Amino acid sequence: MKRKRLLGMLMASVLTLSIFAGCGNKTTNEGSADNNASQTQTSDSEQVLNLIMLDPLTWDVNACYDSNSTTVLGAVYEGLVRISNDGTKDTIEPAGAESWETSEDGLVWTFKLRDNKWSDGEDVVAQHYVDSVIRLLNAESAFPYAFFGFDIKNGEAFYNGEATADEVGIKALDEKTLEITLENPVPYFLSKLSYTVFKPVRLDVIEAAGDAYATDYTKGVFNGPFVIEGYESGNYIKFAKNENYWDSENVKLETVNMTEIKEFATQAQLFEAKQLDVSGATNEYVEKWMKAAEEGQFQANISEAPSVFYIEFNQVNGGSTGLMSNQKVRQAIAYSLDREELTSELYGRYTPAYGFVPGVINIGDDLYRDVVEEPMKAPSEKYNTPEALQALLHEGLKELGKDTDDLSTIEITYLTYGDSELEKQRQEWWKQQIENNLGIKVNVQVEGDYALFTAAKNQNKHDILMSGWTADYNDPMTFLDMWVTGGSNNSVGYSSEEYDTLINSLKTENDEEKRKETYAKAEEVLLSDMAIAPLFYRDNRSFKHNYVKDFQMPVFGPSYEFRWAHIEGK
């Protein structure tokens with residue numbers, strides 16, 4: 001990946017629209033209605049769902065890397081499989097493929113495609129899936145998630161120019177039979193296949209559209225449950241039911257409207273007036289709406305999310321001070337921040353993070369965090385006073401030959417953005433925490449918006465910033481393979497031969513106990529080196545009206561899934 005599937009530093013958005021991911025293994029659903037309504041009940045004659053705008057960054061499935069695009073494109077494209085969530089856990093459902101078989105060694109996957117059509121009436125055939133993977137792996141396109149195809153035989157070799165497209169292990173045996181051969185067995189392969197970049201494409205449509213294909217939805221064709229009927233960036237998206245979809249008779253919604261609502265007070269008013277059907281909640285509304293949900297007025301979903309926020313240390317050039325190249329300096333900064341205070345006082349929610357892999361991620365049948373201790377927990381108890389932290393900082397400065405008796409002469413740059421009162425409070429908290437505990441100065445560099453922030457980040461003139469990551473599939477690898485040397489997600493410039501060896505060894509390891517041990521060791525190395533510093537694991541707080549039936553919030557993949565949703569009793 002050249003860019004991250006970030007939670008985007010958009011903390012205001014996280015607090016306002018807390019529906020980016022959904023019901024996890026540890027979930028509370030409150031309210032009078034069940035997630036999966038009985039199909040014997042009668043849906044309303046008007047099937048319209050009103051949601052908050054999720055503005056996609058691309059209309060090209062192979063270029064997808066963010067949550068918004070994943071959700072929007074998931075509604076209009078059908079891949080081989082689709083993630084469903086019954087309110088307790090994700091399951092992988094047959095979608096474009098009606099069935100599949102796997103060889104005994106786990107290397108060869110054979111998918112039988114169901115009859116489906118594109119929105120222009122053309123048949124969906126196996127070659128469209130082949131074309132998608134080959135296009136994804138074309139290094140010239142520099143697609144952020146090209147590495148997702150490296151599990152496929154010769155996928156990485158083709159990307160690196162060491163194999164031809166014909167040698168890549170994906171073949172159309174006939175129009176309805178797709179065969180995928182892997183380099184090594186991958187326990188979570190089906191989960192990865194659900195991701196947007198593996199959805200089929202039409203090369204004829206892409207070639208006809210040219211450069212406009214990724215930016216102009218009217219240039220595309222769709223094979224999912226919905227099509228796009230209207231779109232204006234930053235304003236609205238209108239979905240309409242796709243009558244050519246293979247299961248259109250079971251798609252109940254006729255229209256889905258996504259609308260941009262900038263102020264949460266307005267969003268709350270619309271939700272309470274039933275003009276908005278699903279909403280996140282800022283802190284001041286959570287207690288009120290939880291009580292309303294307990295009284296049966298609507299439903300609440302409170303769940304852990306497969307996502308983590310963390311400090312990035314600029315190890316590309318050591319940062320503006322040159323100090324970020326030192327492990328002990330990074331450790332001192334990492335432990336100077338009180339995660340308990342951050343979550344309880346500043347955000348009023350979330351779980352302090354002393355590891356990088358969140359609590360809802362599985363390793364085999366176990367939750368990873370239930371069987372692997374957070375690596376930063378014990379050190380955080382050691383470095384919990386200004387004296388201990390400053391002693392650690394001095395050690396790092398000595399190693400750099402930059403020690404000083406007056407720590408206040410050192411000034412690091414914290415890069416962020418946002419000028420709301422809430423953001424200003426958070427920026428001041430960061431500044432006070434680091435200055436009070438370490439005795440150094442913090443220059444808070446505030447950019448006007450996310451685009452300016454990203455541009456400033458790419459200049460590498462900062463020392464630290466806060467970033468976020470959400471899982472693409474249910475395995476610790478989706479977090480830990482980010483930080484291999486030269487990895488396309490490794491924006492901090494971290495490099496460790498030991499870490500790389502551990503991650504690479506997992507490519508051929510299928511024993512779950514050994515995988516767990518290797519993941520645990522890799523996470524320990526990552527956080528001992530303090531390549532990054534986890535701060536908190538995110539949660540989800542969302543509410544929906546009782547008349548919204550079968551609206552799903554998967555843990556992985558799209559922020560929400562409305563392919564099975566319908567309106568009943570509005």
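Where does T404 lie? Select it and look: T404 sits in the loop between α13 and β17 (411-417). Keep in mind as you click around that this is a predicted model.

**Stop 1: T404 and its contacts**

With T404 still highlighted, add H394, T409 and I410; these are the residues T404 is in contact with once you leave aside its neighbours within four places in sequence. Now put a distance label between the C-alpha atoms of T404 and H394, and you should get 7.8 Å, for a pair 10 residues apart along the chain.

**Stop 2: α9 against α13**

Next, colour helix α13, residues 386-400, and then helix α9, residues 327-336. The axes of α9 and α13 come within 7 Å and cross at roughly 160°. Angles over 145 degrees count as roughly antiparallel, so α9 and α13 are roughly antiparallel to each other. The crossing of this pair is left-handed.

To see the contact itself, show side chains. From α9, pick K328, V329, Q331, A332, Y335 and S336. Across from them in α13 are L389, L392, L393, E395, G396, L397, E399 and L400. Colour this contact by class and you'll find 8 nonpolar, 3 polar and 3 charged residues.

**Stop 3: α9 against α14**

Leave α9 on and bring in helix α14, residues 421-438. Here the axes are 9 Å apart and the packing angle is about 120°. That angle therefore makes α9 and α14 oblique to each other. The handedness of this crossing is right-handed.

Which residues make the contact between α9 and α14? On the α9 side, select A332, I333 and S336; on the α14 side, select Q433, I434, N437 and L438. By class, that gives 4 nonpolar residues, 3 polar ones and no charged ones.

**Stop 4: α13 against α14**

Now hide α9 and look at α13 with α14. Their axes are 8 Å apart and the helices pack at an angle of about 80°, which means α13 runs roughly perpendicular to α14. Select P386, L389, Q390 and L393 in α13, then N436, N437 and L438 in α14, to light up where the two meet. The class count for this contact is 4 nonpolar, 3 polar and no charged residues.

**Stop 5: zoom out to the domains**

Finally, show the whole chain and colour it by domain. Domain 1 is made of two segments, 48-256 + 547-567, and domain 2 covers 305-539. How far apart do the C-alpha centres of the two domains lie? For domain 1 and domain 2, that distance is 33 Å.

For the contact between them, select 15 residues from domain 1 and 20 residues from domain 2. Together, domain 1 and domain 2 bury about 1300 Å² between them, with 56% of that on carbon and sulfur atoms.

Note on methods. Residues are numbered from 1 along each chain as its sequence is written. This is a predicted model: local features need pLDDT of at least 70, side-chain atom pairs count only at pLDDT 80 or more; totals for chains, interfaces and linings use all residues. Side-chain values use heavy atoms; hydrogens and water are left out. Axes are lines fitted to C-alpha atoms, for helices over the stretch in contact, and angles run from 0 to 180 degrees between N-to-C directions. Helices (H or I, at least four residues) and strands (E, at least two) are DSSP runs, numbered from the N terminus. Angles under 35 degrees count as roughly parallel, over 145 as roughly antiparallel, 65 to 115 as roughly perpendicular and the rest as oblique. A crossing is left-handed if the near helix is turned anticlockwise from the far one by less than a right angle, and right-handed if clockwise. Contact means heavy atoms within 4.5 Å. Ala, Val, Leu, Ile, Met, Phe, Trp, Tyr, Cys and Pro count as nonpolar, Asp, Glu, Lys and Arg as charged, and the others, Gly among them, as polar. Domain bounds come from an automatic or database domain assignment. Buried area is the accessible area (1.4 Å probe) that two parts lose on being put together, summed over both.
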